[in-house]
Amino acid sequence: MNRDARGGNPRLTHPLVRDGRDEPLRRASWDEALDRAARGLRRGRGAFGMLACARATNETNYLAQKFARVVMGTNNVDSVDRRSHAASVAGLAAVFGSGGGTSSYGEVEHTDVVVMWGSNARVAHPVFFQRVLKGVHGGARLYAVDPRRASTAEWAEGWLGLNVGTDIALAHAIGREIIQAGLANEAFVERATSGFEEYRALVEPWTLSLAQKVTGVPAPAIRELAHAYARAERAQICWTLGVTDHHNGTAVVRALIDLALLTGHVGREGSGLQPLCGRNNVQGAVDMGAVPHRLPGFQDVLDPDARLRFESAWDTALPPHYGLNLAEMFEEMETGGVRAVHCLGENPAPSEARRLKALDFLVVQDMFRTSTAELADVVLPATAGWAESEGTTTNSERRVQRVRKAVEPPGEARDDIDILCDLARRLGHPWEYAGAEAVWNEVRSVSPDHYGMTYRRLEAEKGLQWPCPTTDTVEPPYLHGRLWADDPALRGRRAPFGLVRHVPPVDLTDERFPIRLTTGRRLDSSNSAGQQGGSPRRGEFVELCPEDAERYGVVVGEKVQITSRHGSVVVSVWIDTALRPGLAFTTLRLPDHNDTDQPTSAARCPIAGTAEYKATAIRIDKLPLVTYVG
Amino acid sequence: MTVTSLGVPRRLLDLTLDGEPVRAPEGTTLLDACRAAGKDLPALCHVDARTPASACRLCVVEVAGSRALVAACSREAEPGMDVRTDTERTRHSRRIVLELLASSVDLSTTPGIAEWIEEYGARPDRFGTDAARLEREPIIDNGLLVREDGKCLRCGQCVRACGGQGQHTFALSVSGRGFGSRVGVEYDAPLTDSACVFCGDCVDVCPTGALSVRSEFDLRTAGTWDEPAQAVTTTVCGHCGVGCELTLHVQDNEIVKVTSPPDSPVAHGNLCIKGRFGHQYIQNRD
Ligand code: SF4
Ligand code: SF4
Ligand code: FES
């Protein structure tokens, strides 16, 4: 019961240090561990990277990025949330200026059309999906766009079962159909957007028949969705990992935003774009500036006003360029650009062990003795953000809510905030915070979007959504209402259409690797997050459609070898009628279960650095019969 | 674009409760109006923020002009209503209801019931020791949820929470009739073979503890469940970006139960398996 399901890692109860490269980790006092960490980091100044945590509180993430920027003098800070949200943030921020979902959950109950794109929310975000169902009961039409006919689709009026990796083609075809049918919201496009002519030219080739050929979705179904979405008074597009895990995740997000711009389905109550995050505080980590190009509150690292504000608040000089993002940091670990890393609450080792081993110095601050901790020079035992510390987290509807300490952490484990402050003090920065609230008040003082959220108000009002610039008012639940303002000055910057192209998946299927393996979640597997021992459901499987199972002559429960161009692994077979021939599904995080360093395709989204998890070409081999003797 | 949220404006209605004039917002039930006026009626099958089941009939009141007693948990307040909450007739009715319930159903884990039995002078034993009773063994067919038919009122709140009012899973239903009716899953299968997704929302709405989480059941069985000693803290789920609020019930520094605050703007009293049961992984105390 006391294990982390990420691989059955036990909780850390005291600090650990290593006396030499090949020595084992041994128990140490906090003083010794922190002294060593400080020494190692001091030497690593100039080649430092901070890996922040999408599960830690806002307060911890704020201090983590401040640690990188002020104590270590670098913008090299990023959170290990690349699988789930970076592409959404990058896409939304590029169009609208701030990287948050534009709607609130409540709006999905009062809208006319809901498009769940690449999101099996029924399973991945069940409580959100209940609210979608309320909308459906209220008369909203639901469409599911997903290669699998998953349980979300069971509630939908239409299911568009596209081929993996053809999202942009489908979105462009929908956009073209809307334009051709005269359903574009011309007034909105004219007043609030830019780049429409280029967009029109870009989507022009995507006729329904070409789209049918490329995406596998019948032309009438594409047409129906296009018309339903464009004609609706209010409409929402929601997406999850199915969109953002692609090698071109940011581009897919842009293609979806284009549809909202084309129809004016953004900036109004009930109309908007709603990405759903995989981790509890992905949104907060980004909001708090634990990203290489933004300071807290989405303020650009290169914006002179913002720089001035932070440099005087923090009494420091900020590096005048963007930092390295996660993918770049890992690359630079090989080339020597990053020599020392502080890894907070995340476990990149299963896919990045080789690069982490190349570091001069690695500090791991975590609840669990993960495989990353096993590579560390210093290991600092920390607390669970949501049950062992005070603070706040920010959910997918931008709602900041209080998390509270309910249990004492085990052994000598300490609060993330205390650990970071102690370390900063040892590196010459006398950080003193009376607690999480003091940290939060500093956040409020530097981020106008958070200024109005006092702890007292967060408690009384059961969370508040950003932006919240004043302490006595609330903003509308949706963002970017400005785009509808009559006064061009209020309307502000136009929202640019994203001119993105359909690129087929990098990892093509062929005779040797004929099956497309896609990954996702089942209800009781929460990515790599912890799971209880008593889980009532089955374990990890590769799921095939009945036709493919017959073709390969495999049955439920049989162990098979699945091989991609990057590695192979043995798993059991499950049969799922939601799948189609040529498409397999697994919740396995292949890297976690494989010996090779890079088993999934190594392509990354060039903008956000999201690794491609959604579309690996594989083959399935029966295992040789084994005869047991004796 | 700054607006101040005022909520939906609601008209106030004038009515009298036990002869005292009170005002209640339009759309409130008599039970809510009574509670707002500081009168606590016994109410068993009523769950905050849910559709009333009106099954237990403990909350009955007299309304002038209505011949039958009225269930306060489901009747909406109307202007000019003259409501009596504590009359000979209501007390008598509540006493009989308590006697019938307590003689046929195991109410040992029902909060508040002992006080009501005493308050109304109910004698559940007056039907003798051979009064019909649902005696059933607890059903423990998985590691998370326990079902104890013998404690079930057949109020149906769990069925609604599992179905169209919340989860939309429709794993639970009431089958059979009259005394033989019971809450179960299709074909009486083990829960693990049913449509159940183990969200545990049925546990939160069950008024008698007929549905419970395994951790609570085990501690009760061991005799170590100690509710007064438990600390209750509300925080936010650490499993996904939806961000549901969770109430953690902690005994001896262990999370022994997780419930969902009904007034949460995010989850409205619902959870999924991860929020409800996914806490055990942090509990390494040895
Ligand atoms: S199990 Fe509980 S909620 Fe369900 S019908 Fe019985 S008493 Fe009501
Ligand atoms: S209870 Fe379920 S839906 Fe809600 S935040 Fe937790 S994991 Fe997400
Ligand atoms: S509480 Fe009103 S009938 Fe049960």
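The radius of gyration is taken over C-alpha atoms, and the globule rule is 2.2 Å times the number of residues to the power 0.38. The model is predicted: local features need pLDDT of at least 70, side-chain atom pairs count only at pLDDT 80 or more, and totals for chains, interfaces and linings use all residues. Residues are numbered from 1 along each chain as its sequence is written, chains are lettered from A and ligands numbered from 1 in the order in which they are written, and side-chain values use heavy atoms, without hydrogens and water.

Q: What radius of gyration does chain B have, against the globule rule?
A: For 286 residues, the rule gives a compact globule a radius near 19 Å. The C-alpha atoms of chain B fill a box of roughly 70 × 60 × 40 Å along the principal axes. The value for chain B agrees with the rule, at 21 Å.

Q: What percentage of the residues in chain B is buried?
A: Buried means under 20% relative accessible area (1.4 Å probe, protein chains only). Chain B exposes about 12,900 Å² by the Shrake-Rupley method with a 1.4 Å probe, and carbon and sulfur atoms supply 50% of that area. Of the 286 residues, the buried share is 52%.

Q: Which strands are the edges of the five-stranded open sheet in chain B?
A: Strands are DSSP runs (E, at least two residues), and two of them pair if DSSP finds at least two bridges between them. The order in this sheet of chain B is β2-β1-β5-β3-β4, with mixed pairing. Two strands pair on one side only, namely β2 (20-25) and β4 (70-71) of chain B.

Q: Which residue in β2(B) does L13(B) stand opposite?
A: Strand β1 of chain B covers residues 12-17 and pairs with β2(B) in the antiparallel sense over six bridges. Across from L13(B) in β2(B) stands A24(B).

Q: Ligand 2 lies between which chains?
A: The residues around ligand 2, each with a heavy atom within 4 Å of it, include P126(A), V127(A), C237(B), H239(B) and C272(B). Elements giving two or more residues to this shell are α5 (126-137) of chain A and α7 (273-277) of chain B, where helices are DSSP runs (H or I, at least four residues). Ligand 2 thus lies between chains A and B.

Q: How many residues in the shell around ligand 1 are charged?
A: Asp, Glu, Lys and Arg count as charged. The residues surrounding ligand 1 include C152(B), R154(B), C155(B), C158(B) and C206(B). Besides nine nonpolar and two polar residues, the charged ones number one.

Terms used
Buried means under 20% relative accessible area, exposed over 50%, partly exposed in between (1.4 Å probe, protein chains only).
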